[in-house]
Amino acid sequence: MADEVILLDFWPSPFGMRARIALAEKGIEYEYREENLAEKSALLLKSNPIHKQIPVLIHGEKSICESLIIVQYIDEAWKGKSPVLMPAEPYERANARFWADFVDKKVSYICESGSIWKNKGEAQEAAKKEFIEYLKLLEGELGEKLYFGGEHFGYVDVVFVPFACWFHTYEVHGNFSIEEECPKLIAWVKRCMEKESVSKTLPDPVKVHGFVGMLKKKYGVD
Ligand code: GS8
C-alpha cells in the first residue's frame, strides 16, 4: 500500500496553497487537515518542532516542512508523475530557485508583515510602492512567456500564484489597481486560474479580505 499523505494547513495561507497546488498538479490523493494556529495540534508540534508552522506534508513516517522544500519534495518523490515542476537543466533550475527565493523574501514579506493593510498614509504608500516594484520585477522575468516555467506551469508558478488571492485585499486597502500597474502579470494570474489545480485551491479573494478584516480587529487596526 502506498504511504499515506497528509497535509497540515490553514486555508488562507499562500504557503499552504503552494503544497495544495503541487499535490493537485501531480494528482496525488491526500488528507487535508485544517490547523487552528491558536491551538496547534500535537501532530503539528511533533512534525514541525523547529518552526511549529504550517504547511507540513506528512508522507508515511516522514514529515517535510517549509513550503518551497515541500513543493520540490513532491516533484521529486513523485518523479514519475507528470507534470514535472522543476526544469531539467541546472542553470534553469538555479534560475527557478532564485525567483522562488525572491518571492519568498520580498512578496511573502509584504504579505506576512501586512504592511499594506496595517499602515496608513506615508507608510502605506511606501509599502505599496515597494510591492509594485517587486511585482514589476517578476513581470519582467515572466516577459513574453506563458508561465514562469515557459510553455508549462512550473515551480515558480506554483510558488507565486497563491499570493494572487491576496491582491484584492491589498488593492482595497491601498486604493490601487495591480492590473493597471502590471497588466501582463494579471494576464498570467488569469491563465493560471484556468488550471483546476489553481482555481480549486485559491480561496475567493473576498473571503481573504474578510479574514484580514478579522485580523485587523485582533490587532486593533482600524
Ligand atoms: C512560512 C510558513 C508560515 O508562515 C513556509 O512554509 O514557506 N517559510 C514558511 N506559516 C504560518 C501561517 S501562514 O502565514 C504559520 O504556521 N504560523 C503559525 C506560527 O508562526 O505560529
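Where does E66 lie? In this predicted model, E66 is in the loop between strand 4 (62–65) and helix 3, and this residue makes a convenient starting point for a tour of the structure. Although E66 is not a glycine, its phi is positive, at about 75 degrees. The residue counts as partly exposed because its relative accessibility is 34%, a value that falls between the 20% limit for buried residues and the 50% limit for exposed ones.

E66 also leads straight to the ligand. An N or O atom in the side chain of E66 is 2.8 Å from a nitrogen atom of the ligand. The neighbouring entry in the shell, S67, takes part as well: one of its polar side-chain atoms lies 2.6 Å from an oxygen atom of the ligand. With I54 the backbone is involved instead, as a backbone N or O atom of this residue lies 2.9 Å from a ligand oxygen atom. Of the 530 Å² that the ligand exposes when taken alone, the protein buries 76%.

The wider surroundings of the ligand can now be filled in. Around it are S13, F15, L37, K40, Q53, I54, P55, E66, S67 and E112. Sorted by class, this shell holds four nonpolar, three polar and three charged residues. The ligand occupies the space of the largest pocket.

Two members of that shell, I54 and P55, are joined by a peptide bond worth a look. The bond from I54 to P55 is cis, and its omega is near 0 degrees. P55 itself is placed in the loop between helix 2 (42–47) and strand 3 (56–59). Another cis peptide bond, again with omega near 0 degrees, runs from S82 to P83. Here the proline belongs to the loop between helix 3 (67–77) and helix 4 (90–113).

Attention next turns to helix 8, which spans residues 164–174. Is this helix mostly covered or mostly uncovered? It is mostly covered, with eight of its 11 residues buried. The buried residues are A164, C165, W166, F167, T169, Y170, H173 and G174.

Within helix 8, H173 offers a closer view of the contacts made by a buried side chain. H173 counts as buried because its relative accessibility is 18%, which is under the 20% cut-off. Its side chain reaches the backbone oxygen of T169 at 2.8 Å. The side chain of H173 is also joined to that of K216 by a polar contact of 3.0 Å.

What follows just after helix 8? There, N175 takes a positive phi of about 50 degrees, even though this residue is not a glycine. N175 is part of the loop between helix 8 and helix 9 (178–181). With a relative accessibility of 68%, N175 counts as exposed.

A last stop is G220, found in the segment after helix 12 (205–219). G220 is exposed, its relative accessible area being 65%. How many residues apart along the chain are G220 and F15? They are 205 residues apart, and their C-alpha atoms are separated by 25 Å. F15 has already appeared above, as one of the residues that surround the ligand.

Definitions and conventions:
Residues numbered from 1 in each chain as written. Predicted model: local features only at pLDDT ≥ 70, side-chain atom pairs only at ≥ 80, totals over all residues. Heavy atoms only, no water. Near = heavy atom within 4 Å. Polar contact = N/O pair within 3.5 Å; in protein donor to acceptor, adjacent residues only side chain to side chain. Areas by Shrake-Rupley, 256 points an atom, 1.4 Å probe, with all protein chains shown as cover. 1 Å grid on protein atoms, 1.4 Å probe; cavity = no way out; pocket = protein on both sides within 12 Å on 5 of 7 lines; lining within 4 Å. Sits in = over half its atoms within 2 Å of the grid points. Nonpolar A, V, L, I, M, F, W, Y, C, P; charged D, E, K, R; others polar. Buried < 20%, exposed > 50% of the residue type's maximum accessible area, 1.4 Å probe, protein only. Helix = DSSP H or I, 4+ residues; strand = E, 2+ residues; numbered from the N terminus.
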